[in-house]
Amino acid sequence: MLRSELSPNPVHHRTTDSRAGTDDDVDPWQDLPARPRATVQLLSPDGTRRSDPEYEPWVQDVGTDQISALYQDMVVVRRLDIEATALQRQGQLGLWPPLLGQEASQVGSARALRADDFVFSSYRENAVAYCRGVGLTDLVRVWKGTSASGWDPYAVGMATPSIIIGAQTLHATGYAMGCVKDGVDSVAVAYFGDGATSQGDVNEAMVFAASFRAPVVFFCQNNQWAISEPVSLQAVRPIADRAPGFGIPSIRVDGNDVLAVLAATRVALDRARRGDGATFIEAVTYRMGPHTTSDDPTRYVDKAEHESWAGRDPILRVERLLELGGHLTPELTRAVTATADAAAREMRDGCHGLEPPEPLSVFDHVYTSPTSWLERQRRQYEAYLAMYQDAPGGGEG
Amino acid sequence: MAVQTLAAAIGTGLRRALQDDPRVVLLGEDIGRLGGVFRVTDGLQRDFGADRVMDTPLAEAGIMGTAVGLAYRGYRPVVEIQFDGFIYPAFDQIVAQVAKLHYRTGGAVRMPITVRVPYGGGIGAVEHHSESPEAYFTHTAGLRVVTCSSPQDAHTMIRQAVACDDPVLFFEPKRRYWVKGDVDEVIDETTMAMDRARVVVEGDDVTVVTYGPLVATARDAALAASDDGISLEVIDLRSLAPVDYETVEASVRRTGRLVVTHEAQQHGGVGAEVAASITERCFHHLEAAPARVTGFDVPYPPAALEDHFLPDLDRLLDAVDRVMGRQNSLSGWRG
Ligand SMILES: Cc1ncc(C[n+]2csc(CCOP(=O)(O)OP(=O)(O)O)c2C)c(N)n1
Ligand SMILES: [Mg+2]
């Protein structure tokens, strides 16, 4: 039932180039939901399990140990996020985009991935990066301004984040097309926000993904805001409703429910791996912090709305779940806190240790091999810097 | 006359434009309730309503394309692009449509669209937030491209841009947004036209042509050079397309030396165009080859390196020494 609800009719794909005659046929989309079913939730805010015959089977294997691990991940990334915000306030970072409130969306989805899958994200997916194994100092390099990117994409299976809103969704789709050509069952995952869904790139990505049946997961974190703009300006219907129009089935999931996010992502990955193409996931969550440390949300955020989302905290509900089962032991709490503290310390120390690059490195990596044109500029600038170094009492220049 | 920051002066200019012409509408991301990320449009939505100061969906191509439609319908759209590096999704609409519609329709259709773009570096930002993309637009026939360097010009020129029947790219030097100055909100026949260059410092030895964020740097250079007995004439180009070559030419004919400086990369930049045009016009008056002081031909670097990309006072003075034939960083250079 689940599979039939989610799979586009393969016959349709074979007939896309001959439109004639389809009018009298049965609606090729009849097995797709006209609108996605109600938001998937497996864990309610009070920590009790919700039964869901479609999605529960996808997390049947998740026992106390794994729930504790997800819990630890979320606590750690929140701690890192708060630490990075503090580092920005202390002048160590130029800017930081907090993920506060979105821990379940990011951890639940990222922990569903295999090492050979590939993530294309925006700037806010630092919990995803953490789960991919990005080094803690590498998380802050770009924000300190000491390098152009934080990590080697191929080393961790995660592209350098795209600040240009929406661009990465096309990259994910192309990467997925490449996976098909290579005959592997790796999947590309595109992370983007509610605001991004307005960009042409995102809509074009869905067209390409549908046309080429690309094994890509469109993972939209609807955190209700694009800086000061409410999601209602980007979409007058639930965002998940848009994808079926492109021929891509969608799932609307409680983005503050780590189990539901894990289940939904597993469903999408499974479809992609078995050749059924793209799935769109709308994770409904809330940006509890400012857009970035430069933002002043008091100008636009509705206090009551903010408070109501505070009551749906993604970490609190897992804590309650563990508590109800008698698994929130002092040992666990202690271990999780110690891990989070150690991670924060490592990131802070790493951040303090980041030095500005050597001046002439400004000319590095523009092309794959040196050009005489740019080498001349480099040498002239070298001569210029040398003049200041040689000058009596001269500084850096 | 009141003291305003450059950002506030654009805001008061937009306020006047909204008052003066009911067909003026503002479109952009976060320009309403938030007042824009630089607060340039602060209070305008409150005072003129959400149908004249419109927060748009997050899509630059969409904003620009709908501005074209609004212009077809007789409106005068003023578009805010949040940062320089985010203009590229709108590039197709600007270059293929906005710039050409008047020409393509034999003058029947006008595109009085103003595109406001905070630009330039020096604020320690992350990538895409410090670029100087003006040359892409100066290379496109049919667009007027202007930039301001003082609160007074910011105020006057934004009003002139909105009132202009051609499309105008209006580049705002974001690192000078907080510079303060007197602003006279009266525009009359004595007000300098938007497409004229302004001599901001008079001098005899070297003509320094610049615009936007580096005008302040060039003024500082003029002061420093005068301590050395060198007299710089500083010209704020203001309009990058078309360029007021008469003003530049008249100056270079007197000084015989030209230095052009901008933050944007060198190759194919405005400096290249000015140096070539002035060389053609004033070849026999030149005492030295024109010098360009620009960003290097590399992508805008991470913040920790931006001081090694941006032209500054010392690099400018080094070029002045070069055109003066004094000891400089390239003395004896055998590249
Ligand atoms: C092409 C482009 N336009 C504008 C911006 C400026 N900008 C940065 S983040 C943002 C809002 C993005 O909202 P959303 O997609 O919902 O992601 P969120 O920040 O909420 O995670 C905007 C407008 C940008 N980075 N890129
Ligand atoms: Mg958002």
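How many residue pairs are in polar contact between chain A and chain B, counting pairs with both at pLDDT 80 or more? Eleven residue pairs. Keep in mind throughout that this is a predicted model.

**View 1. Chain A meets chain B across a shared interface.** On one side, 46 residues of chain A take part, and they are in contact with 43 residues of chain B. Put together, the two chains bury about 3700 Å² between them. Of that area, 62% is on carbon and sulfur atoms. If you want residues to pick out in chain A, go for A:Ile163, A:Arg299 and A:Val362, which lose the most area to chain B. Together these three make up 17% of what that side buries.

**View 2. A:Arg299 pairs up with B:Asp42.** Here the two side chains meet in a salt bridge, with N to O at 3.1 Å. The count of salt bridges between chain A and chain B is one. A:Arg299 also shows up in View 1, as one of the residues of chain A that lose the most area to chain B.

**View 3. Helix 14 of chain A gives the largest share of the side that touches chain B.** That share comes to twelve residues. The elements giving two or more residues to this side of chain A are helix 14 (372–390) and helix 6 (141–144). Sorted by residue type, the side of chain A that touches chain B has 27 nonpolar, eleven polar and eight charged residues.

**View 4. Confidence in chain A runs from a mean of 32 in helix 2 to 99 in strand 2.** Chain A as a whole averages a pLDDT of 91, and 89% of its residues score at least 70. The low end is helix 2 (residues 10–14), while the high end is strand 2 (residues 188–193). Over residues 1–25 of chain A the pLDDT is below 50, though this stretch has 39 contacts in the model beyond near neighbours in sequence. Residues 31–36 of chain A are also below 50, with 16 such contacts. Where pLDDT is low, the predicted coordinates should not be read in detail.

**View 5. Chain B on its own has eleven helices and 14 strands.** Its C-alpha atoms fill a box of roughly 60 × 45 × 40 Å, taken along the principal axes. Chain B has a radius of gyration of 20 Å, which agrees with the value near 20 Å for a compact globule with 335 residues.

Conventions: Residues numbered from 1 in each chain as written. Chains lettered and ligands numbered in written order. Heavy atoms only, no water. Contact = heavy atoms within 4.5 Å. Buried area = accessible area lost by both parts, 1.4 Å probe. Salt bridge = Lys/Arg side-chain N within 4 Å of Asp/Glu carboxyl O. Polar contact = N/O pair within 3.5 Å; in protein donor to acceptor, adjacent residues only side chain to side chain. Helix = DSSP H or I, 4+ residues; strand = E, 2+ residues; numbered from the N terminus. Nonpolar A, V, L, I, M, F, W, Y, C, P; charged D, E, K, R; others polar. pLDDT = per-residue confidence, 0-100. Rg over C-alpha atoms; globule rule 2.2 N^0.38 Å.
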